[in-house]
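Trainee: I am new to this structure and would be grateful for a close look at one part of it. Could you choose a single residue, describe its setting, and then lead outward from there?

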Amino acid sequence: MRRPIGAAAGPGRVSEVASSARAGQRRLLKHALATATVMSLLASGCMTVHGELAVLPGAKKSEAAQALADFTEAYNKADKAYDPGLDAGRVTGALGAINQAGLKARSITNPQGNDRHQPLELTDAKFLIPKKAGWPRWFVADTDSNRDKDDGPGDNRWVLVFVRNGADQLWEAAYLAILTPDEIPEFKTDKDGHVEPVPADGGSPAVAPGDMSTEYASYLKSGEPAHFAPGPHTDEWRDIREKNAKLPGLTIQYIDQPLDTGDFAPLALATKDGGALVFFAIRYFDRQTAARGYTPKVSADVKALMTGEVRDTLTKEWVSSQAALVKPDGAGSDQVNVVSRLQGVTGAEGS
């Protein structure tokens, strides 16, 4: 029988209608909450895509250019005042350790500041930006500095590696390599012009980037592994160390250690030939022991970082930052060419 218009429904019908209405309300509420959440994340710049698994460019070119400008400004302020606090937020890793220790020492030896300060200028920047998932993100800035001659054998490029550990973190310079233009390789790029990063365990280069710090520390100690090409940062440096060990009235012992975790982790870009340009660091100590009646000499900068008192022994701690061109896997010899080394004393102890 057809129910008259306006007649009440039976108990079962009322239940179905109420249940359907509640389900619809839940769907609307769920949709509204999801929309509000997405809009909130977009507005705050904190949206996570599939747990940071999306492969994205490490930075926009405009962002990279701003990071370089911010670094240069902070570097100049710190260098002029000899105040490590003025660029502490713009450096990290190997470059940060060397920079901060040097500024700390000079703040003690020259508390009035740097009367010979020449502002650093970094121009003609070429940004090498890899795509990757998650953090840290990083990029390389290949720049021309005003610290060289633009023609002839004195011409070089400042190549800086910037890292960022989260959306709320600053871009910080972790590595600096000073290279001649012909030491900068051609890099492998994708269709969008982004360079390709090489993971720590990457097998395309003859030596995986993650092994570089350990193998270099081993090579400096023993000459093995022997796949490092001859040059000022390999066999010639080992020769200098050997001669230093036999100075009259003074012996020097060296202890080399890998330095490859956190912001000191190696970073590498794939080259067109299947190899890589790898940035990596080590820590080493030189222990100077004087013969009876002699005392090791201590420079003012080292003394500013020193603990203890030098009687017959001085131990200096160094951080050394390297860039190396690694040949493709299968290369027979001279697989690793260390093309840049930047080092500095980061601590000292007298005894």
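Mentor: P266 is buried, with a relative accessible area of 16%; buried means under 20%, exposed over 50% and partly exposed in between, for a 1.4 Å probe and protein chains only. This is a predicted model, in which local features need pLDDT of at least 70 and side-chain atom pairs count only at pLDDT 80 or more, while totals for chains, interfaces and linings use all residues. Residues are numbered from 1 along each chain as its sequence is written, and side-chain values use heavy atoms, with hydrogens and water left out.

P266 belongs to the loop between strand 7 (250-259) and strand 8. Helices (H or I, at least four residues) and strands (E, at least two) are DSSP runs, numbered from the N terminus. Leaving aside residues up to four places away in sequence, P266 touches Y175, P209, G210, D260, V278, F279 and F280, where contact means heavy atoms within 4.5 Å. One of these partners, V278, is 12 residues from P266 along the chain, and their C-alpha atoms are separated by 6.8 Å.

V278 leads to the largest nonpolar core, a set of 31 residues in which M212, Y216, F228, V278 and V336 touch the most other members. Such a core consists of buried Ala, Val, Leu, Ile, Met, Phe, Trp, Tyr and Cys residues joined through side-chain atoms within 4.5 Å. Two or more residues come from each of helix 3, helix 4, strand 8 (267-270), strand 9 (276-290), helix 6 (300-304), strand 11 and strand 12. Another core, of 24 residues, lies apart from it and has W138, A174, L267 and V339 among its members.

Within the largest core, F228 is one of the residues that touch the most other members. Beyond residues up to four places away in sequence, F228 has contacts with M212, E215, Y216, Y219, T234, D334, V336 and V338. Of these, D334 is found in the loop between strand 11 (313-326) and strand 12 (336-350). D334 is partly exposed, at 33% relative accessible area, and has a positive phi of about 50 degrees although it is not a glycine. Most residues other than glycine have a negative phi.

Strand 9 also takes part in an aromatic pair. The whole structure holds 12 aromatic pairs, counted when ring centres of Phe, Tyr and Trp (its six-membered ring) lie within 6.5 Å; planes under 30 degrees apart are stacked, over 60 edge-to-face and the rest tilted. F127 and F139 form an edge-to-face pair, 6.1 Å centre to centre with 75 degrees between the planes. F127 in strand 2 (residues 122-128) and F139 in strand 4 are 12 residues apart. F139 is buried, at 0% relative accessibility. Y254 and Y284, by contrast, make a tilted pair, 6.5 Å centre to centre with 45 degrees between the planes. This pair links strand 7, which holds Y254, to strand 9, which holds Y284, across 30 residues. Y254 is partly exposed at 25% relative accessibility, whereas Y284 is buried at 3%.

Y284 has a charged neighbour as well: R241 lies over the face of its ring, 5.0 Å from the ring centre. A charge sits over a ring if NZ of Lys or CZ of Arg is within 6 Å of the ring centre and within 35 degrees of the ring normal.
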